[in-house]
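Subject: Handover of a structure

Dear colleague,

Please find the structure below, together with its sequence. I would be grateful if you would look at it first and then read the notes that follow.

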Amino acid sequence: MKKISFLLILILNVTLSYAQSPAALIPYPNNVVIKEDVIYPIDEVTAISYSGPDLLNSAKDLQQIIRHKTGITVPIKENGKGNISMSVDKNLNTDEHYVLEVGENQITLKGATPEAVFRGVTTLGQLLLSDNNLNKIEGFKGVTIDDEPRFSYRALMLDPARHFLTVDEIKFFIDQMAKYKFNVLQLHLTDDQGWRIKLDNYPQLSSEQAYSKEDIQDLINYAADKYIEIVPEIDIPGHTSAFLAVYPELGCKNKQGEEIIVGKTDNRMLCASNEEVYDIFGNIIAEVTSMFPSSYIHLGGDEAAIKYNWAQCESCLALMNELGYTDPSRLMIPFFDKMLGFVRENGKKPILWCELNNIYPPADDFLFPYPEDVTFVTWRNGLTPTCIELTGKRNSPLIMAPGEYAYLDYPQFKGDLPEYNNWGMPVSPLSRTYQLDPGYGLPQEEQQHIMGVMGTLWGEAINDINRATYMAFPRALALSEAGWTQMDNRDWESFKQRMYPNLYELMKDGVSFRVPFEIVER
Ligand code: TNX
């Protein structure tokens, strides 16, 4: 009996706390205590004080959030008196750990780092959203929050290689990411359809629309202000038609003389047995890594059409024999040995898409023995459990982008976009994305190596930024919660309710998103 009543109390508590939970917190913080009927009102005496110059950005952001919601511009003061005070507290233990206390007369926000304070500011911003009276802001809802993320790597990926996106459009996307505590933006900068990064050493490579050094620096700075890191991706050895259109002689021997039409030609590869490929990419990797402060560079490694290239190229086959291999896919070993050597020489760490010995289950091994220091991204439908197991065995870091949940280029509902380049993509509705547990339900010791999540917006059919946000939202809200919030603190019914005020805000900010009509019974 005792046990039952304890359970009942527990269940009641959980339901109550969800029913009364601050209406718009996404991702849901990991420790929330609601103070019933407490509101911190914003008025003439409200002022923000911050403890040092590295919190100025966060102070300004909060000032902007308050102005946006209430029209009131509250003063900000360094080390001054303010009833909203922000500071760095070295006693907090992990990088993004913050503690937020909203009382009737005072708000205090402490973070382990300036980044943590910034994450707390996004939480504060969501406390101003109200579900029942959207235009009348009473103030911050009373609450104590002690919060830190489940995973340190929470990424979205844009693909301006397929359809170019301008610097301003990417900044607009970064703004939306920051609201939901994403901290990495991967830019897929090269593919068959375009080479979108201008290099001093190889100016002829870049497509008509491409980012200059200044553009890249501008994006890096803009993202860094919101504690988002940009990870560049240069996709090799496949997905290289745009590169090979400029350097056809660096493709395989059997392909020489076959025309490349950028935008149409795919399935080409860099020749594994041509030393010039390595000379050029040594320089390219040096130049690209010098432009990005991130400790990572992503070198792709996905969907290499080996049987049409390396397997039919006489000099690749000769190299294969010389090295004693019987399968041309083993040429990935010398290929990435050299390419990852360049990554290391430049003091960076490589990321690759995880490829297995088959593209469908029952794949049971890696495509080739990957070098020890690779960080993997799992992506292919059905293969994530195998990727988790294989990377776990060698303790390689793994980023979770399983197609079933995290491919934001897949349709959100049957018959919805994309209307072209849809190869029969599985439907991936909001409810499914929300189901992602990045630990795949495994015991703790089997998910130690999982470092986070990534949602991908492959761009074949994403021809502008409004389409990109339409495909991303609201599923990116679900992914943000998957990356930040412990499973015990997640709940689909609660998420749906918290989502609505956020959708209203996104709409007010001019963000195109898909209305998730199917989650309402009618
Ligand atoms: C596979 S995902 C690709 C991309 C495509 C995507 C379309 C991955 C590593 N490679 O090149 O854009 O499918 O969904």
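The lining of the largest pocket is made up of 16 nonpolar, 11 polar and 13 charged residues. Please bear in mind throughout that this is a predicted model.

The largest pocket

This pocket holds about 1,200 Å³ of space. Its lining comprises 40 residues, and those nearest the centre are His239, Glu303, Ile359, Trp379 and Arg380. When you open the model, these five residues are a convenient place to begin.

The ligand

Where does the ligand sit? It is found in the largest pocket. The shell around the ligand consists of Arg162, His239, Asp302, Glu303, Trp353, Trp379, Tyr407, Asp409, Trp423, Trp458 and Glu460. By class, this shell has five nonpolar residues, one polar residue and five charged residues.

Three side chains in the shell deserve your attention for their distances to the ligand. In the case of Asp302, an N or O atom of the side chain is 2.8 Å from a nitrogen atom of the ligand. For Glu303, an N or O atom of the side chain is 3.2 Å from a nitrogen atom of the ligand. With Asp409, the ligand contributes an oxygen atom instead, which is 2.7 Å from an N or O atom of the side chain. On its own, the ligand has 360 Å² of accessible area, and the protein covers 95% of this.

The cavities

How many cavities of 30 Å³ or more does the structure hold? There are two. About 50 Å³ of space lies in the largest cavity. Its lining consists of Asp409, Pro418, Asn421, Met425, Trp458, Glu460, Ala461, Ile462, Arg467 and Met471. Six of these residues are nonpolar, one is polar and three are charged. You will recognise Asp409, Trp458 and Glu460 in this lining, since these residues also belong to the surroundings of the ligand.

Details of the backbone

Two peptide bonds that lead into a proline should be noted. The bond from Ile26 to Pro27 is cis, and its omega is near -5°. Pro27 is located in the loop that joins α1 (2–20) and β1 (32–41). The bond from Ile236 to Pro237 is likewise cis, with omega near -5°. Pro237 belongs to the loop between β12 (229–236) and α6 (241–246).

Which residue of strand β1 has a positive phi although it is not glycine? The residue is Asp37, whose phi is near 60°. Asp37 is part of strand β1, the strand that follows the loop containing Pro27.

With kind regards

Note on methods:
Residues are numbered from 1 along each chain as its sequence is written. This is a predicted model: local features need pLDDT of at least 70, side-chain atom pairs count only at pLDDT 80 or more; totals for chains, interfaces and linings use all residues. Side-chain values use heavy atoms; hydrogens and water are left out. On a 1 Å grid over the protein atoms alone, a cavity is a set of points where a 1.4 Å probe fits but cannot get out, and a pocket is an open set with protein on both sides within 12 Å along at least five of seven lines; lining residues have an atom within 4 Å of a point. Grid points are joined across faces, edges and corners, and a volume is the space filled by probe spheres set on the points. Ala, Val, Leu, Ile, Met, Phe, Trp, Tyr, Cys and Pro count as nonpolar, Asp, Glu, Lys and Arg as charged, and the others, Gly among them, as polar. A residue is near a molecule or strand if one of its heavy atoms lies within 4 Å of it. A polar contact is a pair of N or O atoms within 3.5 Å; within protein, one must be able to donate a hydrogen and the other to accept it, and residues adjacent in sequence count only if both atoms are side-chain atoms. Accessible areas come from the Shrake-Rupley method with a 1.4 Å probe; for residues, only the protein chains shown count as cover. A molecule sits in a cavity or pocket if more than half of its atoms lie within 2 Å of its grid points. Helices (H or I, at least four residues) and strands (E, at least two) are DSSP runs, numbered from the N terminus.
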